[in-house]
Amino acid sequence: MAELVYPPVIGVARTMFKALDLRLDLQGGEHVPRQGGAVLVSNHIGYLDFVFCGLAARPAKRLVRFMAKESVFRHRLSGPLMRAMKHIPVDRGQGGQAYVHALRALRSGEIVGVFPEATISPSFTLKNFKSGAARLAQEAEVPILPMALWGTQRLWTKGRPRNLRRHHIPISMRVGEPLHADRSVSPASLTETVRARVQELLEAAQRAYPARPKGPGDGWWLPAHLGGTAPMPADAAGS
C-alpha cells in the first residue's frame, strides 16, 4: 500500500530543520538494512528524537514504525498523523497488545523503533533499558540496530521550553552495526549488550560534538560528568 502521509511529513520536518539551520551529522546510516525487519534502539533525550531516528533511516529508503505512548494517538492533531504513519500505540496498562502489533510489523519486514528507557532521561545519561526490544528481536528473528542521538535535547526536552528558533544547533546521529539477536542468551543479557553499544555510540557523539555551553547558564543540556548542570542520574530518577 502506498505511503500517502509519512513521506510528506518527513518533507515538512526537513524543511523545518533547514529553516532552523540545524547542522545534522549522521554517521553509520549505511548500517540501516535496505530490506527486512529490524528493531531500532535509541537513547531518549528530547521530544523530537523519533524524527531524527527516522531521518537516519532515509538514506536506506526505509520508514521506521515507532512504538509511542497511547496518549499521543488520542491527541486531535498528532493522533491521525501517528495512525496514518503506522506507528504503534503503547498502553502501559496493556502492553501485550503493542508487543503483538510490533512483532507482526517486524515479521512483515518493517523497522520498528523503540526507546527502551521508556521515557526521556532528564540527566541526559542512559537510564536502565527495558527488555522489550530484545525480546521482540529474538522472537521475530531480526537484528537490533543500536543508535545514539546528541543535541536534540537543546531543541525540546522535558522541563524546558521549546527552542525552535534559528540557533544553528548541531544534531548528532550515530548508527551502529546491527547486532544479532541471539536466542541462546537471555533477553536481560542481550539488553545489557545493546545498552553498552548505545553507550559507546553516545560517548562517540559527545566527544565529536562541536558545541559547548556559551556561559554559566547554558550548561543545562550537558550531563554533570561532562561539566554541565543537568541533574545527576540519581536526582533525576524521580522526575
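Q: By which cut-offs is a residue of this predicted model called buried, partly exposed or exposed, and in which class does Asp-21 fall?
A: Buried means under 20% relative accessible area, exposed means over 50%, and partly exposed lies in between. Asp-21, in the loop between α1 and β1, has a positive phi of about 55° although it is not a glycine. Its relative accessible area is 29%, so Asp-21 is partly exposed.

Q: Which value of phi does Ala-118 have, and where is this residue found?
A: Ala-118 counts as partly exposed, at 30% relative accessibility. Its position is in the loop between β5 and α6. Although the residue is not a glycine, its phi is positive, near 75°.

Q: How compact is the protein, judged by its radius of gyration?
A: The secondary structure comprises 8 helices and 7 strands. For 239 residues the globule rule gives 18 Å, and the protein is close to that value, so it is as compact as a globular protein of that length; its radius of gyration is 17 Å.

Q: What share of the residues of the protein counts as buried?
A: The exposed surface amounts to about 12,000 Å², of which carbon and sulfur atoms supply 54%. Of the 239 residues, the share that counts as buried is 48%.

Q: Why can helix α2 be described as largely enclosed by the rest of the structure, and how many of its residues are buried?
A: The cover over the buried residues of α2 includes α1, β1, β2, β3, β6 and β7. Among the buried residues are Asp-49, Val-51 and Phe-52. Helix α2 is largely enclosed because, of its 8 residues, the number buried is 7.

Q: Which residues have the most contacts inside the largest nonpolar core?
A: In soluble globular proteins, nonpolar side chains tend to be buried together. Here the largest nonpolar core has 69 residues. Phe-52, one of those sought, is in contact with residues including Phe-17, Leu-24, Met-147 and Ile-171, its neighbours within four places in sequence being left aside. The residues with the most contacts inside the core are Val-39, Phe-52 and Trp-150.

Q: Is Ser-123 buried or exposed, and with which side chain does its own side chain make a polar contact?
A: Ser-123 is placed in the loop between β5 and α6. Its relative accessible area is 4%, under the 20% limit, so the residue is buried. Beyond four places in sequence, it touches residues including Pro-223, Met-232 and Ala-236. A polar contact of 2.6 Å joins its side chain to that of Thr-125.

Q: How many residues apart in sequence are the parts tied together by Glu-3 and Arg-65?
A: The side chains of Glu-3 and Arg-65 meet in a salt bridge with an N to O distance of 2.5 Å. Glu-3 lies in the segment before α1 and Arg-65 in strand β3, so the pair ties together parts of the chain whose separation is 62 residues.

Q: Within which helix do Glu-70 and Arg-74 both lie?
A: Glu-70 forms a salt bridge with Arg-74, with the closest N and O atoms 2.1 Å apart. Glu-70 is partly exposed at 26%, whereas Arg-74 is exposed at 58%. The two residues are 4 apart, about one turn, and both lie in helix α3.

Q: Which residue forms a salt bridge with Glu-141?
A: Glu-141 counts as exposed, at 61% relative accessibility. In this salt bridge the closest N and O atoms are 3.6 Å apart, and the partner is Arg-183.

Technical notes:
Residues are numbered from 1 along each chain as its sequence is written. This is a predicted model: local features need pLDDT of at least 70, side-chain atom pairs count only at pLDDT 80 or more; totals for chains, interfaces and linings use all residues. Side-chain values use heavy atoms; hydrogens and water are left out. Buried means under 20% relative accessible area, exposed over 50%, partly exposed in between (1.4 Å probe, protein chains only). A polar contact is a pair of N or O atoms within 3.5 Å; within protein, one must be able to donate a hydrogen and the other to accept it, and residues adjacent in sequence count only if both atoms are side-chain atoms. Contact means heavy atoms within 4.5 Å. A nonpolar core is a set of buried Ala, Val, Leu, Ile, Met, Phe, Trp, Tyr and Cys residues joined through side-chain atoms within 4.5 Å. The radius of gyration is taken over C-alpha atoms; the globule rule is 2.2 Å times the number of residues to the power 0.38. Accessible areas come from the Shrake-Rupley method with a 1.4 Å probe; for residues, only the protein chains shown count as cover. A salt bridge is a side-chain nitrogen of Lys or Arg within 4 Å of a carboxyl oxygen of Asp or Glu.
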